[in-house]
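User: I would like a close look at one part of this structure, followed outward into its surroundings. Please keep the explanation plain, since I am new to the subject.

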Amino acid sequence: MQGGGSLGAYECGIYKTLEKHNIKLDIVAGTSIGAINAAIIAGSKGQSPAKTLEEFWMEIAEKIIPSFLSDNLRSIFSSIFASCYGNKNIFEPIWYSPNTFKYNSLFYNYTNFPPHLYDIKPLKDTLSKFIDFDKINYYYKTNITNKSKQKKDAVRFTPRLIMSSTDIQKSEPVTFDSDTMKIDADHIVACAGFPFYGLSWTEKDGRYLWDGSLLSNTPLREVINASPKNHKIVYIVNLFPKNQKEVPKNMFEIWHRARDIMHTDRTEHNIHMSKIISKHLEVMKDMHDLLNNIKIEENMKDLFFKIEKEYHKLATDRGTIIKEIIKIEREEEKEKTHFIFEDADFSVKTIQQLIKQGEDDAEKALQINRKSHI
């Protein structure tokens with residue numbers, strides 16, 4: 001699941017449809033708002049993760065802007081409201097904090113300008129209402145052996161959680177994996193500090209971390225690296241339209257389209273490389289079987305055993321392939337005016353519309369996928 005602010009409500013709708021069709025996920029992964037959605041799914045306090053996720057979205061929905069306004073006006077006013085007053089359940093402006101006074105010489109010396117405009121600490125309190133961290137960390141806490149772990153993974157009662165963030169100082173991806181570390185609220189918040197919107201970074205384990213979307217908004221690579229042995233069927237949510245027929249007509253549309261391009265799904269390379277690797281492994285397997293069935297000279301045996309060891313290491317430890325990808329992509333309404341900050345529209349009606357759109361698009365994608373297998 002991708003990052004995209006309030007557009008993450010679309011991902012909630014998609015998961016509602018997947019749960020309705022009883023599609024069980026071994027791994028849920030995300031960055032930014034996608035990481036928050038993934039964490040709620042993996043650690044839902046309720047019996048139905050989809051219901052808990054929808055409750056979270058209605059909790060953070062902004063209820064001030066009237067629903068009777070047109071979609072365009074409501075989106076603009078809601079975004080302006082969020083920029084001025086924040087969202088009490090996610091982020092708060094620094095100008096409402098007592099600490100703001102320490103920046104009293106701001107207008108005399110730009111070096112005193114604060115490092116962020118919004119503090120995302122309120123998000124931690126909100127997450128505690130919906131996430132059971134003991135549930136997320138069950139497999140890490142049990143500290144079981146690899147052999148018994150494989151047996152337990154077959155009957156997992158909660159998905160493995162993988163989230164991505166960005167190391168500010170090293171410009172490197174940082175991955176949080178519930179199977180290899182104890183996940184807490186700080187890990188989730190660390191994936192959601194988007195600097196271009198003035199959101200604060202998070203200091204965690206000696207690192208300063210920003211939103212994972214700065215490096216990759218679709219964390220498929222992180223999933224493959226964290227789970228390289230098992231073949232995968234992947235559901236990818238694309239919040240930002242990849243294709244647009246019309247050329248932008250003004251600067252606002254240019255910024256909007258540039259934002260879409262920067263954040264749209266770019267996993268084709270990962271998929272292409274997975275197919276190439278699988279072809280290489282097939283050829284290596286044929287060569288290995290051929291060598292294994294012919295008589296090898298005594299002086300070649302050591303070399304063969306060395307090659308065999310390397311082959312098994314590659315085939316077993318890095319042999320995963322992506323068997324199938326089901327993409328669910330959000331399309332934008334043509335009659336609606338779009339602007340770069342529309343992902344800060346948390347108004348109730350917009351959140352409800354996005355959830356419904358996600359449900360409908362997921363249904364269509366699943367129907368197309370079923371027909372393709374007939």
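How many residues lie between strand 4 and strand 5 in their hairpin, and which residue in the turn has a positive phi?

Analyst: Before anything else, note that this is a predicted model. The hairpin made by strand 4 and strand 5 has four residues between its two strands. The turn residue with a positive phi is S171, at about 45°.

Start with how the two arms of the hairpin are joined. Strand 4 covers residues 160–167, and strand 5 covers residues 172–177. Six bridges connect them, and the pairing is antiparallel. One position shows this at the level of residues: T166 has P173 in strand 5 as its bridge partner.

Strand 4 has further partners. Strand 7, residues 207–211, also pairs with strand 4 in the antiparallel sense, here over three bridges. In that pairing, D167 stands opposite L209 of strand 7. Strand 1 pairs with strand 4 as well, but these two run parallel, and five bridges join them. An example from this pairing is T31, which faces S164 in strand 4.

What does this mean for how strand 4 is covered? Eight of its eight residues are buried, so strand 4 is largely enclosed by the rest of the structure. As a general point, the side chains of a regular strand alternate between the two faces of the sheet.

Now follow strand 1, residues 27–31. Four of its five residues are buried, so strand 1 too is largely enclosed by the rest of the structure. The loops on either side of strand 1 each hold a residue worth a look. In the loop between helix 1 and strand 1 sits N22. N22 is not a glycine, yet its phi is positive, near 60°. N22 counts as exposed because its relative accessibility is 53%, and the cut-off for that word is over 50%. In the loop between strand 1 and helix 2 (33–42) sits S32. S32 is likewise not a glycine and has a positive phi of about 60°. The accessibility of S32 is 9%, so S32 counts as buried; the cut-off for buried is under 20%.

Going back along the chain from N22 leads to helix 1, residues 9–20, where E11 is located. E11 is a charged residue that is buried, yet it has no salt bridge. The nearest side chain of opposite charge belongs to R330, 9.2 Å away. A salt bridge would need the charged atoms to lie within 4 Å. What E11 does have is a polar contact of 2.8 Å between its side chain and that of N37.

A second pair of strands can be read in the same way. Strand 8, residues 232–238, has five buried residues out of seven, so strand 8 is largely enclosed by the rest of the structure. Strand 8 and strand 9 run parallel and are joined by seven bridges. Within this pairing, Y235 stands opposite I326 of strand 9.

Strand 9, residues 322–329, also contains I325. At 24% relative accessibility, I325 counts as partly exposed. I325 and I271 are 54 residues apart along the chain, while their C-alpha atoms are separated by 8.9 Å.

One loop position adds a side-chain contact to the backbone. T264 lies between helix 11 (251–263) and helix 12 (268–292). T264 counts as buried because its relative accessibility is 8%. A polar atom of the T264 side chain lies 2.9 Å from the backbone oxygen of F240.

Finally, turn to the surface. L73, I76, F77 and I80 form a nonpolar patch there, and together they have about 330 Å² of accessible area. L73 is placed in helix 4, residues 71–85. With a relative accessibility of 40%, L73 counts as partly exposed.

To return to your hairpin: its turn carries the positive phi of S171, and its arm strand 4 is also bridged to strand 7 and to strand 1.

How values were computed: Residues are numbered from 1 along each chain as its sequence is written. This is a predicted model: local features need pLDDT of at least 70, side-chain atom pairs count only at pLDDT 80 or more; totals for chains, interfaces and linings use all residues. Side-chain values use heavy atoms; hydrogens and water are left out. Patches are made of residues with over 30% relative accessible area and no salt bridge: like charges are joined within 9 Å, nonpolar side chains (Val, Leu, Ile, Met, Phe, Trp, Tyr) within 5 Å. Accessible areas come from the Shrake-Rupley method with a 1.4 Å probe; for residues, only the protein chains shown count as cover. Buried means under 20% relative accessible area, exposed over 50%, partly exposed in between (1.4 Å probe, protein chains only). Two strands pair if DSSP finds at least two bridges between them. Lys and Arg count as positive and Asp and Glu as negative; His and the chain ends are not counted. A polar contact is a pair of N or O atoms within 3.5 Å; within protein, one must be able to donate a hydrogen and the other to accept it, and residues adjacent in sequence count only if both atoms are side-chain atoms.
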